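Trainee: Could we go through this structure together? I should like to start with its empty spaces and then turn to its core.

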Amino acid sequence: MQHAQKMVVAHGVSKHFGDFQALKDVHVEVAAGEVVCIIGPSGSGKSTFLRCINQLETVDNGAVWIDGELSGFKQTGNSLRRLSDADIARQRLNSGMVFQRFNLFGHMTALQNLMEGPVVVQRRPKREVKEEAMALLARVGLAHKADAYPSELSGGQQQRIAIARALAMKPKLMLFDEPTSALDPELVGEVLAVMRDLAKSGMTMIVVTHELGFAREVANRVVFMDAGMVVETGTPEQILVHPQERRTQAFIAAVL
């Protein structure tokens, strides 16, 4: 599968929290329309890496480009200048992020949750946004729950609403941080089905996941991380069936 255009380029990304180095010289590239699944043990830096892409964390070294635009900084000559909070907020709209916890607004219905960002942040007309939001609810199989509040929905339904809410902002890139790990096992399938549909539609996706079956079926490439580093990258077949690195082999053996 050929992807000429790079949607994400992370080059030499490092991140410290005090004395702890969470990321060490991480290089990852994701082409437009590609689905990349990141796997690895807890504490390997997977979620921190996603947060750096979305500028929820600031990188200490290295750089991230999204759709050709340098994240968080403006380059003039050889020097880098930190962007203003407003410019960073604008850049952040390029990527939609779905977290382990659904983070829906509890006092708003499903429909209101979807409409809030486009109307308030993007200042788009309410009628147009409502139409799109209803279409997105239908896409995730929840048009009949438009007037329901989060407390009236199952965890799987809330997570599907959270995906639809991220899509309502029309991002170029979708980031998923273990989107099924907080769900009861019987609800995981309905969320993965929505993500599978999204992947088929050509959306660029980076998915941190423990669902290796999903990674094998949907990913174009799998990245295995451990101790803040990218250990091995390849096709699902290469990483999940025939891993070369000893650390990858040990992880796959332990979880499959």
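Mentor: One convention comes beforehand: Ala, Val, Leu, Ile, Met, Phe, Trp, Tyr, Cys and Pro count as nonpolar, Asp, Glu, Lys and Arg as charged, and the others, Gly among them, as polar. This is a predicted model, in which local features need pLDDT of at least 70, side-chain atom pairs count only at pLDDT 80 or more, and totals for chains, interfaces and linings use all residues. Residues are numbered from 1 along each chain as its sequence is written, and side-chain values use heavy atoms, leaving out hydrogens and water.

Trainee: What classes of residue make up the lining of the largest cavity?

Mentor: Five nonpolar, four polar and two charged residues form that lining. A cavity is a set of points on a 1 Å grid over the protein atoms alone where a 1.4 Å probe fits but cannot get out, and lining residues have an atom within 4 Å of a point. Among the lining residues are Cys52, Phe73 and Arg82.

Trainee: And what volume does the largest cavity have?

Mentor: Its volume is about 100 Å³, taken as the space filled by probe spheres set on the points, which are joined across faces, edges and corners.

Trainee: Changing topic, is Thr180 buried or exposed?

Mentor: Thr180 counts as buried because its relative accessibility is 6%, where buried means under 20% relative accessible area (1.4 Å probe, protein chains only).

Trainee: Which residues does Thr180 touch?

Mentor: Not counting residues up to four places away in sequence, Thr180 touches Val188, Val191, Leu192 and Glu211, a touch being heavy atoms within 4.5 Å.

Trainee: What about Met195; which residues is it in contact with?

Mentor: Leaving aside neighbours within four places in sequence, the contacts of Met195 include Ile163, Phe176 and Phe214.

Notes. 1 Å grid on protein atoms, 1.4 Å probe; cavity = no way out; pocket = protein on both sides within 12 Å on 5 of 7 lines; lining within 4 Å. Buried < 20%, exposed > 50% of the residue type's maximum accessible area, 1.4 Å probe, protein only.
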